[in-house]
Amino acid sequence: MNYAIQLPVSVCRNNNRTVLEERRLTAVLDKPVPLSSPSETMDEAQFSRWANLLERRTGIYLPSRRRSFLISSLNIRMQELGIADYETYFNYLTTGARGAVEWEILVDRLTVHETRFYRDEQALAVVRQHARQWLEQHPSSSERFDIWSVGCATGEEAYSLAILLDDLFIHSGSCAYLGITATDVSSAALTAGRKGVYHYHRIKNLPESFQTHYFEALDEQHVQVIPELQRRVCFMRQNLLELGQSRIGKMDIIFCQNVLIYFPRERRLEILDYLAEHLKPGGLLVLGAGEIIDWHNPLVQAESRQGALAYRRSALETEA
Ligand SMILES: C[S@@+](CC[C@H](N)C(=O)[O-])C[C@H]1O[C@@H](n2cnc3c(N)ncnc32)[C@H](O)[C@@H]1O
């Protein structure tokens, strides 16, 4: 379900109670409220209510040790809105079109977007090796080479992949089309990715030639990804819990790092099975270290590659 467009059933029903509830909340929110910090404490029942909402909508499991993170994120947002108690905010968030819009904002606050350019060099070396093999097997091809950055946060991972592969494809003289799909549940993170503007400190991790070739100075502190590279990356909202409804095509490489760790094991397995199905024959799934242990899927074989966790789909299948 896409929360940006699909409204809760209660709104679609549009019965009197819903309309009244909406009006009541609108009245609460339209009334100027002194911006004192919400001083409520959160009991166990309230915590599970919020944790369940987050898990139901994003799959992310919030253990009780993260209660203070939840409380401070909610308090900051409630203060911005002038809402004084969790109950009112919960109702606001789960009711009507304004609730759906508000959810987009809160989910961004409750998800961890920590990321950086060239975060895991071993995993990137595996990507490079796989792409090089592909180029050797498709020397004069004008086929597509597709990569998916799953849980791309603010775009650093997707651009790292784009830079690495663009450089490789250009130097090999390939005419293949290189496309990167970058998905995340957070619309705010995706907007930042599409903008492609970063503090210049953030690109220091990249080889120097890439810093000068793929970025241009925007002002004294910021750089912007060059348009030619930006055009290679398509940022899309995709909740990993809704992969069944996704229109994402088959991929040569699926890069999924530091995302599954936030999900309970059962969910991780479901997501991985889906990702395996979304590999082209011969395609590679590259996971972050510690993302999963003991996952088996008949479509893919685990490969031990330079310390990274990778699974390859057999090249002998015919594409569906
Ligand atoms: C820690 S970041 C990882 C960023 C990047 N992959 C990396 O390794 O640098 C985790 C990302 O997963 C995203 N995420 C969390 N739950 C998600 C879901 N249900 N569907 C899609 N993305 C999700 C978060 O919004 C966040 O941007």
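I count a residue as buried if 20 or more other C-beta atoms lie within 10 Å of its own. With that settled, I opened the structure, keeping in mind that this is a predicted model.

**Entry 1: helix α9**

I started with helix α9, residues 187–195, and looked up its buried residues: they are A189, L190, A192 and G193. Next I looked down the axis of α9, where these buried residues fall within an arc of 160°, so they line one face of the helix. That fits a general point: an α-helix has 3.6 residues a turn, so residues three or four places apart point the same way.

What do the buried residues of α9 pack against? I found two helices on the list, α6 (96–110) and α8 (156–172). The list also holds two strands, β2 (177–184) and β6 (233–237).

I then checked what follows α9, and it is G196, with a positive phi near 65°.

**Entry 2: the sheet with β3**

Moving along the chain, I came to strand β3, residues 197–199. β3 belongs to an open sheet of three strands, and I noted the order as β3-β5-β4, with antiparallel pairing. The edge strands are β3 and β4 (215–217), as each pairs on one side only. From one strand to the next, I noted a twist that averages 35°.

How many bridges join β3 to β5? I noted three, with β5 spanning residues 222–225 and the two strands running antiparallel. For one residue pair to find on screen, I picked V197, whose bridge partner in β5 is Q224.

**Entry 3: β7, β8 and β10**

Here I wanted to know which way the strands run. As a reminder to myself, strands of a sheet pair through backbone hydrogen bonds, either parallel or antiparallel.

Strand β7 (residues 251–256) and strand β8 (residues 279–287) run parallel, joined by five bridges. I used M251 as my marker here, since a glance across to β8 shows L279 standing opposite. Helix α12, residues 265–277, makes a right-handed β-α-β unit with β7 and β8.

β8 also pairs with strand β10, residues 308–313, and this time the strands run antiparallel, with four bridges between them. My marker for this pairing is L284, whose bridge partner in β10 is R312.

**Entry 4: the whole chain**

Last, I stepped back for the totals. The protein chain has twelve helices and ten strands. Of its 320 residues, 32% count as buried. I also looked up contacts with a separation of 6 or more: residues 24 or more positions apart account for 75% of them.

Note on methods
Residues numbered from 1 in each chain as written. Predicted model: local features only at pLDDT ≥ 70, side-chain atom pairs only at ≥ 80, totals over all residues. Buried ≥ 20, exposed ≤ 12 C-beta atoms within 10 Å, placed from the backbone. Contact = placed C-beta atoms within 7 Å. Pairing = 2+ DSSP bridges. Axes fitted to C-alpha atoms, helices over the stretch in contact; angles between N-to-C directions. Arc of directions from axis to C-beta. Right-handed = clockwise from strand over helix to strand, strands pointing away.
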